[in-house]
Amino acid sequence: MRQKTLAIMAAGLGSRFGGLKQVHAVVNNYAILDFSVYDALQAGFNHIVFIVNEDLISVFKARYLNVFPEHIKVDITLQDTSGLPKRKRPWGTGHALLSLKKLVHNNFALINADDFYGRDAFKLMHDALYTDTNKQNYFIGYPLKNTLSDFGAVSRGVCILNKNQDLKNIVEHTNISKENLSMPLDTIVSMNFWGFTPEVFNIADSLFATFLRKHKNSQTAEFFIPQIVDFMINEYDSVFKMLETSAKWFGVTYKEDEAKVKEQLQELISLGIYPKTLW
């Protein structure tokens, strides 16, 4: 069976949230990432990889290793910091991507653990990655207005597209809030829902080595996926095509976001989009 991989970045510290929001139960003892996994399986993905930190390995093994049908492969991999300068903060989403290098050899999708992307987004990404023969890369784009929190600032990858809806440039912006907006509300942003070919690994490896030489003594610098994407577009003429989706994004950046997310998920369950018991 062809391996169709969804990888989930779940190694973050959740400092703004105030805890391990990756496995924080929002509805019926399920975390947001559980709804993403359910949507991915419905879309046709058959390989789920959880990228975690050392504190979460045992939690994820107990929670996910024996719950899915036999044809669904599950891997739990460490965002390994051995051999890297010691610090408390993770080294970023680009480093998380590199955790997949030994596990993934085909096209794959990559998401955040704490974002709800919507089933349509997973279906679009699955079909693009596994029926397209052009070896393109993809991302799901959302309007900025649909991704802001009422309770504080967020970080977003701001996208510039060409007339074919291909990504020309992406810039990570931090400290974006409703109070200090410096860009239009319909600006397309990336919420870290990516579709990659395996060629990304060697490129990311080289870029991370360069990043470490510059930032090895920093306690805060992070290696972001948009840095990799930008480099691939500019230096390798890689194509990153935006997939337009009707799905709604929502997430829990701050503890106060949870009530609204819970309400939205309960509504989707009541509409029959999700069962009360996912698996």
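Buried means under 20% relative accessible area. By that cut-off Asp-75, at 14%, is buried. The structure described here is a predicted model. The points below cover its nonpolar cores, helix H5, two residues of helix H3, and its salt bridges.

**Nonpolar cores**

- The largest nonpolar core has 43 residues. The members that touch the most others are Leu-6, Phe-50, Phe-60, Tyr-117 and Phe-193.
- Helix H4, residues 119–131, contributes six residues to this core, the most of any element.
- Phe-60 is in contact with Ala-10, Gln-22, Val-23, Leu-33, Phe-50, Val-52, Leu-65 and Ile-76, when its neighbours within four places in sequence are left aside.
- Another core, of 36 residues, lies apart from the largest one. Among its residues are Leu-84, Cys-159, Phe-201 and Val-229.

**Helix H5**

- H5 runs over residues 200–215 and has 16 residues. From its first C-alpha to its last it reaches 22 Å, close to the 22 Å expected at 1.5 Å a residue.
- Buried residues in H5 are Val-200, Phe-201, Ile-203, Ala-204, Leu-207, Phe-208, Phe-211 and Leu-212. These residues lie on the same side of H5, because they cover an arc of only 165 degrees around the axis.
- An α-helix has 3.6 residues a turn, so residues three or four places apart point the same way.
- On the face turned away from the buried side, H5 carries the exposed residues Asn-202 and Arg-213.
- The packing partners of the buried residues of H5 are helix H3, strand E4 (108–112), strand E9 (188–196) and helix H6 (225–236).

**Val-200 in H5**

- Val-200 is in helix H5 and has a relative accessibility of 0%, so this residue counts as buried.
- Not counting residues up to four places away in sequence, Val-200 touches Leu-97, Phe-108, Ile-228 and Met-232.
- Between Val-200 and Ser-218 there are 25 Å in space, C-alpha to C-alpha, and the two are 18 residues apart in sequence.

**Thr-93 and His-95 in helix H3**

- Thr-93 is in helix H3, which covers residues 93–98. With a relative accessible area of 16%, Thr-93 is buried.
- The side chain of Thr-93 reaches the backbone nitrogen of Ile-225 at 3.0 Å.
- Thr-93 also touches Met-9, Asn-192, Phe-223 and Phe-224, among other residues, when those up to four places away in sequence are not counted.
- His-95 is found in H3 as well, and this residue is buried, with a relative accessible area of 6%.
- The contacts of His-95, leaving aside neighbours within four places in sequence, are Gln-79, Asp-80, Thr-81, Leu-84, Phe-208 and Phe-223.
- Phe-223 appears in the contacts of Thr-93 and in those of His-95.
- Two contacts of His-95 have been named above: Phe-208 is one of the buried residues of H5, and Leu-84 belongs to the core of 36 residues.

**Salt bridges**

- The whole structure holds eight salt bridges. Three of them are described below.
- Asp-34 and Arg-63 form a salt bridge in which the closest N and O atoms are 2.8 Å apart. Asp-34 lies in helix H1 (residues 32–43) and Arg-63 in helix H2 (residues 57–64), so this pair ties together parts that are 29 residues apart in sequence.
- Asp-34 is buried, at 1% relative accessibility, whereas Arg-63 is partly exposed, with a relative accessible area of 24%.
- Lys-73 and Asp-75 meet through their side chains in a salt bridge, at 3.6 Å from N to O. Lys-73 is partly exposed, with a relative accessible area of 42%, while Asp-75 counts as buried at 14%.
- Asp-166 and Lys-241 also meet through their side chains in a salt bridge, at 2.6 Å from N to O. This pair links distant parts of the chain, 75 residues apart. Asp-166 is in the loop between strand E7 (154–161) and strand E8 (167–176), and Lys-241 is in strand E10 (residues 240–243).
- Asp-166 is buried, with a relative accessible area of 13%, and Lys-241 is partly exposed, with a relative accessible area of 23%.

Notes. Residues are numbered from 1 along each chain as its sequence is written. This is a predicted model: local features need pLDDT of at least 70, side-chain atom pairs count only at pLDDT 80 or more; totals for chains, interfaces and linings use all residues. Side-chain values use heavy atoms; hydrogens and water are left out. Helices (H or I, at least four residues) and strands (E, at least two) are DSSP runs, numbered from the N terminus. Buried means under 20% relative accessible area, exposed over 50%, partly exposed in between (1.4 Å probe, protein chains only). A polar contact is a pair of N or O atoms within 3.5 Å; within protein, one must be able to donate a hydrogen and the other to accept it, and residues adjacent in sequence count only if both atoms are side-chain atoms. Contact means heavy atoms within 4.5 Å. A nonpolar core is a set of buried Ala, Val, Leu, Ile, Met, Phe, Trp, Tyr and Cys residues joined through side-chain atoms within 4.5 Å. The expected span of a helix is 1.5 Å times one less than its number of residues. The arc is that of the directions from the helix axis to the C-beta atoms. A salt bridge is a side-chain nitrogen of Lys or Arg within 4 Å of a carboxyl oxygen of Asp or Glu.
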